[in-house]
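Hi there,

Here is the structure I promised to pass on to you. Have a look at it first, and then read my notes below.

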Amino acid sequence: MTLRVPEDLLVHLRHARDLADRRYADPLDLDELAAVAGVSKYHFLRCFAAVYGHTPAAYLTQRRIERAQDLLRATNLTVTEVCGLVGYASLGSFSSRFRTLVGMSPSAYQAKWAERGAPRIPGCYVFMHGLSDREPKDTAIPEKRRDDGRS
């Protein structure tokens, strides 16, 4: 038996999916995504899976690994740095999930792309200019001091 999802719920499911796309590196949970959709977490889980073919957790994992692939291909960041940027706290969990979804380890994936000789974005540039999709933790710009020593 397939679940029939009401049409008026589709837009709310899309809002939750968009949140997962934007904030994939943050620790999102089922309660938060369901709240965006305006339904209980259990109903949200069933409806999301029926519409998108994956549970919210599987969708979020897939999004994180896709972004990790982008970073490993295009930057000179280490696997550990990429792991943190895409929302994993454990390098082991990241590497295991990456291998399962991509078919090779993150290091092997990065090496494969490095062999092709494509130009790589320096990691410092990624961190400075926000190409990692993560918001900077401290965006305050220090005030310049006036000539008389007062700020």
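**Helix 2 and its neighbours**

The buried residues of helix 2 pack against helix 1 (7-22), helix 3 (41-52) and helix 4 (56-74). Please keep in mind as you read that this is a predicted model.

Which residues of helix 2 are buried? In this helix, which spans residues 30-37, they are Leu 33, Ala 34 and Ala 37. If you look down the axis of helix 2, these buried residues fall within an arc of 100 degrees, so they line one face of the helix.

Just after helix 2 comes Gly 38, which has a positive phi, near 75 degrees. Val 39 is in the loop between helix 2 and helix 3. Is Val 39 buried or partly exposed? Its relative accessibility is 23%, and buried means under 20%, so Val 39 counts as partly exposed. Setting aside neighbours within four places in sequence, Val 39 is in contact with Leu 9, Ala 34 and Phe 44. You can also find Leu 13 from here: Val 39 and Leu 13 are 26 residues apart in sequence, and their C-alpha atoms are 9.5 Å apart in space.

**The whole protein**

Now step back to the full chain. The protein has eight helices and zero strands. It has 151 residues, and 29% of them count as buried. Among contacts between residues at least 6 apart in sequence, 59% join residues at least 24 apart. The protein exposes about 9700 Å², with carbon and sulfur atoms supplying 53% of that area.

**The aromatic rings**

How many aromatic pairs does a search of the whole structure find? There are seven. One of them is the tilted pair of Phe 94 and Phe 98, at 5.8 Å centre to centre with 55 degrees between the planes. Phe 94 and Phe 98 are four residues apart in helix 6 (residues 91-102), so about one helical turn separates them. Both Phe 94 and Phe 98 are buried.

Tyr 109 and Trp 113 also form a tilted pair, 6.2 Å centre to centre with 50 degrees between the planes. Both lie in helix 7 (residues 106-115), four residues apart, about one turn of the helix. Tyr 109 counts as buried at 5% relative accessibility, whereas Trp 113 is partly exposed at 23%.

Together with Tyr 88, these four residues form one aromatic cluster. Two arginines are worth finding here too. The charged end of Arg 64 sits over the ring of Tyr 88, 5.7 Å from its centre, and Arg 73 lies over the face of Trp 113, at 5.4 Å from the ring centre.

Happy exploring!

Note on methods:
Residues numbered from 1 in each chain as written. Predicted model: local features only at pLDDT ≥ 70, side-chain atom pairs only at ≥ 80, totals over all residues. Heavy atoms only, no water. Buried < 20%, exposed > 50% of the residue type's maximum accessible area, 1.4 Å probe, protein only. Helix = DSSP H or I, 4+ residues; strand = E, 2+ residues; numbered from the N terminus. Arc of directions from axis to C-beta. Contact = heavy atoms within 4.5 Å. Areas by Shrake-Rupley, 256 points an atom, 1.4 Å probe, with all protein chains shown as cover. Phe/Tyr/Trp six-rings, centres within 6.5 Å; stacked < 30°, edge-to-face > 60°. Lys NZ or Arg CZ within 6 Å of the ring centre and 35° of its normal.
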